[in-house]
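Welcome to this guided tour! Open your viewer, switch to a cartoon view, and follow along from stop to stop.

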Amino acid sequence: MNIKILGTGTSIPSLKRLSSSYLVTIGDYRILIDAGPSVVRRLLEFGYTVEDIDLIIITHFHVDHTADLSTFLFACNYGIKPRQKPLTIIGGPGFRRFFKGLSKIYPWIMPNYYELCIKVMSMHPFELNDITITARSVNHNRESIAVRIDAGKSVVFSGDTSYSKRLIELAKGVDLMITECSFPERKVKGHLNLANLARIIEGARPKRVILSHLYPDWDDFKGVLHEPYLLAEDGMEIGL
Ligand SMILES: [Zn+2]
Ligand SMILES: [Zn+2]
């Protein structure tokens, strides 16, 4: 399993940190986690096109996690060669309604030549060959989910959340946890800071932790992060 960190930022426009998004490669299967602004361009920068993605998982509907979903699907129809490979998109509760609304505004995102499967994640794991995807709702929006991918090794993506017991359960013993830690110290509803994250890590005990979804507060952070913590940077790559 290989994880490429496409973006580590938030809704605040930044040249250093694009909206949080990740690319998971398992064999020749590719999963895109979230599709915020400019993710399609960011994929190109790292040598991928929309054609390379087999599955998109949307952790919640905020614009910094979904703005490029329509860009992505439009490119599938009107690229140099129209997409023919099937695509699955998974979201939390209400995702079908969200997608229906999006396709009302942008009818051109509906697939022309390929099969599109829209799935709403439930408590039950979603199995694909040797890959298992599990989700749990977390504390941010009604539809917010954290996602775990197991394929020999395991990775958890927290999505946006505040302290969450369900996230602890989901991330128990995982090889890698890529978690939001929006602020080092500031307390903001629906997000984590280092103190709240520490309570989650204590409970879940992941082997490695990468902090992402970083607000500019982090630019002034003078502290030191110790193992297993690592601050994410756009373009970082992790092999598991
Ligand atoms: Zn966000
Ligand atoms: Zn959000």
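**Stop 1: strands 8, 9 and 10**

Start by selecting residues 131-137, which are strand 8, and then add strand 9: the two run antiparallel and are joined by six bridges. Keep in mind as you look that this is a predicted model. To see one of the pairs, show threonine 132 as sticks and look across to strand 9, where its bridge partner is aspartate 150.

Next, colour residues 145-151, the whole of strand 9. Is this strand largely enclosed or not? Five of its seven residues are buried, so strand 9 is largely enclosed by the rest of the structure.

Now add residues 153-157, which make up strand 10. Strand 9 pairs with strand 10 in the antiparallel sense, over five bridges. Arginine 148 is a good place to check this, since its bridge partner in strand 10 is valine 156. How many residues lie between strand 9 and strand 10? There is one residue between them, and the two strands form a hairpin. Click on glycine 152 in the turn: it has a positive phi of about 80°.

While side chains are on display, here is a useful rule: in a regular strand they alternate between the two faces of the sheet.

**Stop 2: the sheet around them**

Zoom out a little. The strands you have just seen belong to an open sheet of seven strands, in the order 7-8-9-10-11-12-13, with mixed pairing. Where are its edges? Select 126-128 for strand 7 and 229-231 for strand 13; each of these edge strands pairs on one side only. Neighbouring strands here are turned by 20° against each other on average, direction ignored.

For a parallel pair, pick residues 176-180 (strand 11) and residues 208-212 (strand 12), which are joined by five bridges. Methionine 177 is a handy marker, standing opposite valine 209 in strand 12.

**Stop 3: the other sheet**

Move on to another open sheet, also built from seven strands with mixed pairing, in the order 6-5-4-3-2-1-14. Its edge strands are strand 6 (116-120) and strand 14 (237-239), each pairing on one side only. From one strand to the next, the twist averages 20°.

Select residues 2-7 to find strand 1, which pairs with strand 14 in the antiparallel sense over three bridges. Within this pair, isoleucine 3 has isoleucine 238 of strand 14 as its bridge partner.

Then go to residues 21-26 (strand 2) and 29-33 (strand 3), an antiparallel pair with five bridges. Leucine 23 stands opposite leucine 32 in strand 3. Two residues separate strand 2 from strand 3 in this hairpin, and glycine 27 in the turn has a positive phi of about 60°.

Strand 3 also pairs with strand 4 (residues 55-57), in the parallel sense and over three bridges. To follow the path between them, trace the chain from strand 3 through helix 1 (residues 39-45) to strand 4: this β-α-β crossover is right-handed.

**Stop 4: two helices**

Select residues 69-78, helix 3, and highlight its buried residues Leu69, Leu73 and Cys76. Look down the axis of helix 3: these buried residues fall within an arc of 50°, so they line one face of the helix. What covers them? The cover includes helix 2 (63-66), strand 5 (87-91) and helix 4 (95-105).

Make helix 4 your next selection. Helix 4 lies across strand 5 and strand 6, running at about 140° to strand 6. Its buried residues are Phe95, Phe98 and Phe99. Seen down the axis of helix 4, they fall within an arc of 95°, so they too line one face. These buried residues pack against strand 5 and strand 6. Rotate to the face turned away from the buried side, and you will find the exposed residues Arg96, Lys100, Gly101 and Lys104.

**Last stop: the whole protein**

Finally, show everything. The protein has six helices and 14 strands. Its radius of gyration is 17 Å, close to the 18 Å that the globule rule gives for 240 residues, so the protein is as compact as a globular protein of that length. Along the principal axes, the C-alpha atoms fill a box of roughly 50 × 35 × 30 Å. If you colour by burial, buried residues make up 44% of the 240.

Definitions and conventions
Residues numbered from 1 in each chain as written. Chains lettered and ligands numbered in written order. Predicted model: local features only at pLDDT ≥ 70, side-chain atom pairs only at ≥ 80, totals over all residues. Buried ≥ 20, exposed ≤ 12 C-beta atoms within 10 Å, placed from the backbone. Helix = DSSP H or I, 4+ residues; strand = E, 2+ residues; numbered from the N terminus. Arc of directions from axis to C-beta. Contact = placed C-beta atoms within 7 Å. Pairing = 2+ DSSP bridges. Axes fitted to C-alpha atoms, helices over the stretch in contact; angles between N-to-C directions. Rg over C-alpha atoms; globule rule 2.2 N^0.38 Å. Right-handed = clockwise from strand over helix to strand, strands pointing away.
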